[in-house]
Amino acid sequence: MPEKYIRKAIALAKRAKGKTSPNPLVGAVIVKNGKVISTGYHKKAGQPHAEVNAINSAKKSLKGATLYINLEPCCHHGKTPPCTDAVVNAGIKEVYIGMLDPNPLVSGKGVANLRRHGIKVVAGILEDECKKLNEIFIKCITKKIPYVILKCAATLDGKTASESGDSKWITNEKSRAFVHKLRHEVDAILIGSGTLTKDNPRLTTRIEGKRTRNPVRVILDRTLKISKDANVLKKTNIGDTIIFCGKDASKKKSELLLKKRAVIVRIAEKDGHLDLRTVLKRLYKLGITSVLVEGGKDVHSSFVKKKLADKMYLFFAPKIMLGNKALPIFGGESKSLIKSAINVNLDNVKRFGDDLMVEFYF
């Protein structure tokens, strides 16, 4: 029975995807006498948490009720008061929790606080599902670095563009609509200067019938080759577009880009390339918890080689490109033996019309 209500809490939490960063996704269900009497979820960072929304929405007394929640209630003062206080004051007698909060300010302390007030607490229900729901939050709060998702579209023979660089469109509209959903849910989109020059993308989010938010656009451009007329520089506010470049990049070009309201971040280079770990650390300090990488073969390879990629969505279209010079999914030096290949953990396979999407973890 607890699993049923934790799944409902997870479903509620998912309603706020793309809106709670840097906070986790949390849903809450309150049950009394075998019936659900109130629900709630955390809708946006800075607003009341899930359990508080559920408590405030209740139209009946909560004395003796049971709370089901996918993440341990907080017990510290942040932008909102401790949720454990609200649970205790509501008269709730039992709390079932999906997973403990990895935040050191909370982890285990919320449970201990509730138990001190005589509340029965059971934790670890559908823990794996709860961890997957908040995989971005878990990494950021423990590693202090954004969660990195790679995304790529390819033909069945693993080509992302023709020899001439043509890549529009490999996949169908249903696949591309899913990618816009991903963009809506992350904090930032990252590409390299090669993709920027070739495609001149807008990197915005477009979902029919839904009000969306545009993630921060992150450009890796070591020598500041970006055109002053690039689409990522149009109609932007300060901070909408962040360009990482080398310390020796043109100051004159930098000043021009600043007038376009771009943020220029100069960082050290390693072997003629921008240091990706430094890029991610700087993004984390800017409040970015998740990055969707939509670069080309070299950018994707760099993230994998440096072991900085967490997850990938790989779309295959029912097409065969042929040719040795068509662009592959990954570049760089190949492994000499099959046993040296990088193993990944396959998580999901899904069809979008005739396209096939493979979701896996590194």
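**Exercise 1. Place Leu346 in its strand and decide whether the residue is buried or exposed.**

Solution. Start with the secondary structure of this predicted model: Leu346 sits in strand β17. Next, look at the accessible area. Leu346 has a relative value of 58%, and the cut-off for exposed is over 50%, so Leu346 counts as exposed. Now turn to its surroundings. Leaving aside residues up to four places away in sequence, Leu346 touches Val358, Glu359 and Phe360. Finally, check the backbone: the C-alpha atoms of Leu346 and Tyr361 are separated by 6.5 Å, with their positions 15 residues apart along the chain.

**Exercise 2. Classify the ring pair Phe178 and Tyr313, and find which elements the pair ties together.**

Solution. A pair of aromatic rings is described by the distance of the centres and the angle of the planes. Begin with the total: the model holds 7 aromatic pairs. In the pair of Phe178 and Tyr313, the ring centres are 5.7 Å apart and the planes meet at 65 degrees. Planes over 60 degrees apart count as edge-to-face, so that is the class of Phe178 and Tyr313. Then locate the partners: Phe178 belongs to helix α7 (residues 173-185) and Tyr313 to strand β15, so the pair ties together parts 135 residues apart in sequence. As a last step, note that both Phe178 and Tyr313 are buried.

**Exercise 3. Do the same for Phe315 and Phe352, then say which residues form one aromatic cluster.**

Solution. The ring centres of Phe315 and Phe352 lie 6.1 Å apart, and their planes are at 40 degrees, so this pair is tilted. Phe315 is in strand β15 and Phe352 in strand β17 (residues 345-352), which links distant parts of the chain, 37 residues apart. For burial, the cut-off is under 20%. Phe315, at 1%, is buried, and Phe352, at 10%, is buried too. Putting the rings together, Phe178, Tyr313, Phe315 and Phe352 form one aromatic cluster.

**Exercise 4. Find the ring face over which Arg176 lies.**

Solution. Follow the side chain of Arg176 to Trp169: Arg176 lies over the face of that ring, at 4.5 Å from the ring centre.

**Exercise 5. Which residues make the nonpolar surface patch of about 350 Å², and where is Ile320 found?**

Solution. The patch is made by Leu156, Ile320 and Leu322. To place Ile320, look at the loop between β15 (311-317) and β16 (327-328). Its relative accessible area is 59%, so Ile320 is exposed.

Key: Residues are numbered from 1 along each chain as its sequence is written. This is a predicted model: local features need pLDDT of at least 70, side-chain atom pairs count only at pLDDT 80 or more; totals for chains, interfaces and linings use all residues. Side-chain values use heavy atoms; hydrogens and water are left out. Patches are made of residues with over 30% relative accessible area and no salt bridge: like charges are joined within 9 Å, nonpolar side chains (Val, Leu, Ile, Met, Phe, Trp, Tyr) within 5 Å. Accessible areas come from the Shrake-Rupley method with a 1.4 Å probe; for residues, only the protein chains shown count as cover. A salt bridge is a side-chain nitrogen of Lys or Arg within 4 Å of a carboxyl oxygen of Asp or Glu. Helices (H or I, at least four residues) and strands (E, at least two) are DSSP runs, numbered from the N terminus. Buried means under 20% relative accessible area, exposed over 50%, partly exposed in between (1.4 Å probe, protein chains only). Rings of Phe, Tyr and Trp (its six-membered ring) pair if their centres lie within 6.5 Å; planes under 30 degrees apart count as stacked, over 60 as edge-to-face and the rest as tilted. A charge sits over a ring if NZ of Lys or CZ of Arg is within 6 Å of the ring centre and within 35 degrees of the ring normal. Contact means heavy atoms within 4.5 Å.
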